[in-house]
Amino acid sequence: MARYDRDQKPDENRDSGIRGPAGSSDGQEISGLRGQGGGSGTSQDKPPRHETRPAKVRNTHQGRRAKHPDLDRNRTYVLRDSELKTLTDIGTFRVLNVDDLVTHRYGGDPAEARRDLDSLLRQGLILRRTTHPEKTVYLTLTKTAHRFLEGTSLQHSKPRQALYHGFVKPREARHDAAIYRLYQQESARIEKAGGRVQRVILDFELKRSVNHKLAKLQSLPASEHAERKREIAEENSLPIVNGKVALPDLRLEYEGPDLELGKVDLELVTGDYHAQALAAKDQTGFAMYALPEDAARLRHAMSDPEIMLDILSL
């Protein structure tokens, strides 16, 4: 089982964990849940008319640093536009793998990524942890960064987009960080069809919404309880499988080419899934993805003739 090393504080270690190129010097009624834990926080949820999704990098040289005051703490951060966007990406997905961030936010340029991440570490805006024995580096926002982002004009333009901070469980880091890669692949498909992602919704956000309503049903008779659960699932556009409200790992709300609004629910299937779990996922209707390294382990479980899943590779 993977384990984290201790938190890397900015004044202890300025190495962001990015490896350069060779030769460089430089719930009972809800299924599919992973607890958010005590170290995470969110921002929620007052709907505006328009949203913007976490943008992909187009140009890694994103200008000079500018001063950004944190009015709550009487402090000013000096940040490039690229650094602000990196903070937003990390906050949107809670935990990111450094290598994925380099690929998708910095166009594969580790030197540019290191420049920004070292600055964010020094200013106390991100935390870095490494899992062992894999030596995979993960990033999350600090509580200070989470509060700062909520107060920026960038977040005010999309107040329905929840933000998160803090690490949760080491054994789930690989799965949770891969949601960013899942987002990149599915959003590219949506854009190719002429659409644009408006909002990213993680399972934590759906869990809170559904759990809050389900908690009020405990005293109801069984038949009424089941009927209300069905209504709650329908209100949230979620299926019920084996008596539980099934949650996707990721929901993307998007605007199509004709300005129509749509959504897609996505699930990241891991090599730990057995045939019974895959059969349950088969009933959800979610779009299924898997990491390439999990394909061999999934192949045996999918040999069950009753499982008709079409799993796409990330």
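Student: What makes Asp 203 count as buried?

Tutor: Asp 203 has 2% relative accessibility. Buried means under 20% relative accessible area, exposed means over 50%, and partly exposed is in between (1.4 Å probe, protein chains only). At 2%, Asp 203 falls under the 20% limit, so it counts as buried.

Student: Anything to keep in mind about where these values come from?

Tutor: Yes, this is a predicted model, in which local features need pLDDT of at least 70 and side-chain atom pairs count only at pLDDT 80 or more, while totals for chains, interfaces and linings use all residues. Residues are numbered from 1 along each chain as its sequence is written, and side-chain values use heavy atoms, with hydrogens and water left out.

Student: Okay. Where does Asp 203 lie?

Tutor: In helix H7, residues 203–214. Helices (H or I, at least four residues) and strands (E, at least two) are DSSP runs, numbered from the N terminus. The C-alpha atom of Asp 203 is 6.0 Å from that of Leu 250, although the two are 47 residues apart along the chain.

Student: Why is the contact between Arg 94 and Asp 176 called a salt bridge?

Tutor: Check the distance: their closest N and O atoms are 2.5 Å apart. A salt bridge needs a side-chain nitrogen of Lys or Arg within 4 Å of a carboxyl oxygen of Asp or Glu, so this pair qualifies. Arg 94 sits in the loop between helix H1 (81–93) and strand E6 (96–97) and Asp 176 in helix H6 (residues 173–192), so the pair ties together parts that are 82 residues apart in sequence. Both residues are buried, too. The structure holds 18 salt bridges.

Student: How do you know that Glu 253 and Arg 160 form a salt bridge?

Tutor: Their N to O distance is 3.8 Å, which fits within the limit. Glu 253 is in strand E13 (residues 250–255) and Arg 160 in the loop between helix H5 (153–156) and strand E9 (164–165), 93 residues apart.

Student: Why does Glu 253 count as partly exposed?

Tutor: Its relative accessibility is 21%, which is past the buried range but not in the exposed one, so partly exposed is the label. Arg 160, also at 21%, gets that label as well.

Student: Which residues share a network with Glu 253?

Tutor: Start with Arg 199, whose salt bridge with Glu 253 has its closest N and O atoms 3.7 Å apart. Arg 199 belongs to strand E10 (residues 196–202), 54 residues from Glu 253, and at 5% relative accessibility it counts as buried. Salt bridges with shared partners join Arg 160, Arg 199, Glu 205 and Glu 253 into one network.

Student: What makes E7 and E8 paired strands?

Tutor: Pairing takes at least two DSSP bridges between strands. Strand E7 (residues 126–132) and E8 have six, in the antiparallel sense, so they pair. Thr 130 stands opposite Val 137 in E8. The two strands form a hairpin with three residues between them, and Lys 135 in the turn has a positive phi of about 65°.

Student: How many residues of E8 are buried?

Tutor: Six of the six in strand E8 (residues 136–141).

Student: What makes a group of residues a nonpolar core?

Tutor: It is a set of buried Ala, Val, Leu, Ile, Met, Phe, Trp, Tyr and Cys residues joined through side-chain atoms within 4.5 Å. The largest here has 44 residues, and Ile 126, Leu 250 and Leu 252 touch the most other members. H6 supplies its largest share, six residues.
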